Amino acid sequence: MKFEKENSAGFLVNHMARLFAKGLQDRIAPLGIVIGQFPILLELWQKDGVSQRELLSKLDVEQATLANTLNRMERDGLIKRTKNPADARAQQIWLTEHAMHLREGAYKAAQDQNEAALCVLSGAEQAQLMDFMRRVIGGLRPHE
């Protein structure tokens, strides 16, 4: 069997993701955010005060990776953790005021990166690409 990376969906998606991430990192760096924190912030900007378990279910990352990133975010003043009143073993993760104030700038950075990356496609092609990506992600996620 001959393998051609230029015809491999996995290779192309990974390459595109690295380029997206590099462009986004360049745009969010002035805000004091690193690329690994961005998905967590996106989730917390939608719903604050969630557990680590809830974040894990949404982000598709390893437990250890999430724990390390949350530790760094707490050190950097982006989140704080409190005991969950309903479950003493669990903690709730909250955004700090500082992180709340970064939201609009971070959203703009992401929008600018998306526009820069997708400008080579028509509006219809962009919508189609987004649909295809959502379908593939749904197909790859474990079904519980």
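Buried means under 20% relative accessible area, exposed over 50%, and partly exposed in between, using a 1.4 Å probe and protein chains only. With that in hand, let's work through some exercises.

This is a predicted model, in which local features need pLDDT of at least 70 and side-chain atom pairs count only at pLDDT 80 or more, while totals for chains, interfaces and linings use all residues. Residues are numbered from 1 along each chain as its sequence is written, and side-chain values use heavy atoms, with hydrogens and water left out.

**Exercise 1. Describe the overall layout of the protein chain.**

Step 1: Start with the elements. The protein chain has six helices and three strands; helices (H or I, at least four residues) and strands (E, at least two) are DSSP runs, numbered from the N terminus.

Step 2: Read off their order. From the N terminus on, the elements run α-α-β-α-α-β-β-α-α.

Step 3: Add the extent and the burial. Along the principal axes, the C-alpha atoms fill a box of roughly 55 × 35 × 25 Å. Of the 144 residues, 26% count as buried.

**Exercise 2. Find the aromatic pairs and classify them.**

Step 1: Fix the criterion. Rings of Phe, Tyr and Trp (its six-membered ring) pair if their centres lie within 6.5 Å; planes under 30 degrees apart count as stacked, over 60 as edge-to-face and the rest as tilted.

Step 2: Search the whole structure, which gives two aromatic pairs. Phe38 and Trp45 are edge-to-face, at 6.5 Å centre to centre with 80° between the planes. Both Phe38 and Trp45 are buried.

Step 3: Take the other pair. Trp45 and Tyr107 are also edge-to-face, at 5.5 Å centre to centre and 80° between the planes. This pair links distant parts of the chain, with Trp45 in helix 2 and Tyr107 in helix 5, 62 residues apart.

Step 4: Why do Trp45 and Tyr107 fall into their accessibility classes? Trp45 counts as buried because its relative accessibility is 8%, and Tyr107 counts as partly exposed because its value is 32%.

Step 5: Put the pairs together. Phe38, Trp45 and Tyr107 are linked into a cluster by ring pairs.

**Exercise 3. Check the geometry of helix 5.**

Step 1: Work out the expected span, which is 1.5 Å times one less than the number of residues. For the 22 residues of helix 5 this should be 32 Å, and the end C-alpha atoms are 32 Å apart, so the two agree.

Step 2: Look for a bend, taken as the angle between axes fitted to the seven residues ending at a residue and the seven starting there. Helix 5 has a kink of about 40°, centred on Arg103.

Step 3: List what is buried. In helix 5 the buried residues are Ala99, Leu102, Ala106, Ala109, Ala110, Gln113 and Leu118. An α-helix has 3.6 residues a turn, so residues three or four places apart point the same way.

**Exercise 4. Characterise the two largest pockets.**

Step 1: Set the terms. On a 1 Å grid over the protein atoms alone, a pocket is an open set of points where a 1.4 Å probe fits, with protein on both sides within 12 Å along at least five of seven lines; lining residues have an atom within 4 Å of a point. A volume is the space filled by probe spheres set on the points.

Step 2: Take the largest pocket, with about 1500 Å³ of space. Of its 33 lining residues, Ala17, Phe20, Pro39, Met133 and Ile137 are the closest to its centre. Helix 6 gives the largest share of this lining, eight residues.

Step 3: Sort that lining by class. It has 24 nonpolar, six polar and three charged residues, where Ala, Val, Leu, Ile, Met, Phe, Trp, Tyr, Cys and Pro count as nonpolar, Asp, Glu, Lys and Arg as charged, and the others, Gly among them, as polar.

Step 4: Turn to the second largest pocket, of about 230 Å³. Of its 13 lining residues, the closest to its centre are Ser51, Gln52, Arg53, Ala90 and Gln91. Strand 3 gives the most to this lining, five residues, and the classes are four nonpolar, five polar and four charged.

**Exercise 5. Examine the backbone at Asp60.**

Step 1: Locate Asp60 in the loop between helix 3 and helix 4.

Step 2: Read its phi. Asp60 is not a glycine, yet its phi is positive, about 55°. Most residues other than glycine have a negative phi.

Step 3: Assign its accessibility. Asp60 counts as partly exposed because its relative accessibility is 49%.
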